[in-house]
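Trainee: Could we walk through this structure together? I would like to learn how each conclusion is reached.

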Amino acid sequence: MSKQIKIFDTTLRDGEQSPGCTMNLKEKIVLAKQLEELNVDIIEAGFAIASVGDFESVKTISENVKNCTVASLARALTKDIDRAWEAVKYANYPRIHVFLATSDIHMKHKLKMTPDEVVERAVAMVKHAKGYCSDIEFSAEDASRTNLDFLSRVVESVINAGATVVNIPDTVGYTTPDEFSKIINHLKTTVPNIDKADISVHCHNDLGMAVANSLAAVKAGATQVECTVNGIGERAGNTALEEIVMALNTRKDFFGATTNVNTKQITKTSRLLTSITGVPVQPNKAIVGANAFAHESGIHQHGVLAERSTYEIMSPESVGLTTNVMVLGKHSGRHAFEDRLQTLGFNLSKEDLDSAFEQFKSLADKKKTVCDRDLEAIVTKKSISIPQIYSLNNFVINSGFNITSTATVTLDYKGNIKEESATGDGSIDAVFNAINKIVDIDFVLEDYSLNSVTEGEDSQGEAIVKISKDGESYTGKGLNTDIIASSIEAYVNAINKVLSESN
């Protein structure tokens, strides 16, 4: 009989700590609802005491997510735990996640506490959290570099104090699969009350072994895996949710374990996160990369055509991709459009469907064929829309070889038309400079990138812009068959985020 592995998603907490992956409240809500569709068991919504924004996001997610446990991280401090409870108490299934370092290096240099003091603090804080709710997780930070006997002592003590989950993190991505397996086995054989709590693991990818270490822990007896969509997170990232889930799903014979995850929502979730953060997935990324189910070798192509299992150990359909092709163009009707969206996993309200269909028709006038990725881009852009304080009205570019580029940009500002002209080092620089003169706010352009959404000369250009103001980063996205227009839309989108959050 297969054992059930709980999937603890920390994309909104640890994942968001990845440079360039900051999300605003609306984006977090959209992603949290998609994680609920993915059917993860636990959503770690944030670190409630970290900021007012983090508190509001945890609270709002707790109010909106109905079918998943919602957790907030808290240091082993009463003020952190109190704040975490204030945020998660609205959830149907609240969890407080308390952490305290247990390795010699952390106790000596960071905490400046003795082992006895660490045990005493851990027990006291778990008991304090238990006074608020029944589901308490305790993390022994840097567990993989902790003395094993001391780790067993801490784990036994916090379970006695009321912890329902004990998390064994490889905080700095230091351990190896064999070593990590031995750590889990040690706890199972030396902690007398270990059967009263789930054993969780939280692995980082500094040495590229986060998924391997997590799988080794599952094989050794762990019952919860903490992970992130696309593997985003601190430094080199976390265990990738899609890889851990599909490894367990594909190799049930070896691991004897399953998850509750709806694997057909994996690709949609991955692409939504990419759209929100602007951080692309490399083409050769397992499960969700563009090449994950692509075959170029003639030998491979021949094998797949004869029998898919020759070179595919899982089907594209199992992760939400489809080999079904329905050509959509300017002559396609609303029924075909809506049917295609439903096939892709999107169920829109009438208002959103009307808006998306209008954008589809506009795009179909510019492209011969509208692809699935085009539809996903349209719907995703709509789902995370923000107040349109500024919007593009018109632009004119004068650019060429060995001449200074000039641009005139006209923006709509709350019903009023504003126009400015500027020069720049190329067309994009010129239009950005013109926009800067219109909005007249101080910020720094951190990054700009342009990608093709699909193949072909008529593909939409997806522009991603990152700007920063007062230490906060904002990502804007634009989508258009005209790359100048998509670049302007992305820049203005990022500026609108700055303005909407400052109001």
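Mentor: Happy to! A definition to begin with: helices and strands here are DSSP runs, of at least four residues for a helix and at least two for a strand, numbered from the N terminus. Keep in mind that this is a predicted model.

Trainee: Where is the place of threonine 228?

Mentor: Look at the two elements that flank it. Strand E9 covers 224-227 and helix H9 covers 241-250. Threonine 228 therefore has its place in the loop between strand E9 and helix H9.

Trainee: Is threonine 228 buried or exposed?

Mentor: Start with its surroundings, leaving aside neighbours within four places in sequence. Threonine 228 is in contact with residues including Asp9, Thr10, Thr11 and Gly15, and also with Asn238, Thr239, Ala240, Leu241 and Glu242. Its relative accessibility is 0%, so threonine 228 counts as buried.

Trainee: Which residues does the UniProt domain annotation cover?

Mentor: The record is an unreviewed entry, and its annotation reads "domain: Pyruvate carboxyltransferase". In the model, that span is 44% helix and 18% strand, with its end C-alpha atoms 21 Å apart. The annotation covers residues 5-267.

Trainee: How many disulfides does the structure hold?

Mentor: A disulfide needs two cysteine sulfur atoms within 2.5 Å. For cysteine 68, the closest cysteine sulfur is in cysteine 227 at 12 Å, which is too far for a bond. Cysteine 133 is in no disulfide either, as the nearest cysteine sulfur, that of cysteine 68, is 16 Å away. The number of disulfides in the structure is 0.

Trainee: Is cysteine 133 buried or exposed?

Mentor: Buried means under 20% relative accessible area. Cysteine 68, at 0%, counts as buried. Cysteine 133 has 8% relative accessibility, so it counts as buried.

Trainee: Which strands stand at the edges of the open sheet?

Mentor: The sheet has 3 strands in the order E14-E15-E16, with antiparallel pairing. An edge strand here has a single partner, so one of its sides is left without a neighbour in the sheet. That describes strand E14 (444-452) and strand E16 (472-480).

Trainee: How many bridges join E14 to strand E15?

Mentor: E14 and strand E15 (residues 461-469) run antiparallel. Serine 452 stands opposite glycine 461 in E15. The number of bridges joining E14 to E15 is 8.

Trainee: Which helix packs on the sheet?

Mentor: Look for a helix touching E14, E15 and E16. Its direction makes about 145° with that of E16. The helix, at residues 483-502, is H17.

Terms used: Residues numbered from 1 in each chain as written. Predicted model: local features only at pLDDT ≥ 70, side-chain atom pairs only at ≥ 80, totals over all residues. Heavy atoms only, no water. Buried < 20%, exposed > 50% of the residue type's maximum accessible area, 1.4 Å probe, protein only. UniProt positions renumbered as here; feature names shortened; annotations may be inferred. Contact = heavy atoms within 4.5 Å. Pairing = 2+ DSSP bridges. Axes fitted to C-alpha atoms, helices over the stretch in contact; angles between N-to-C directions.
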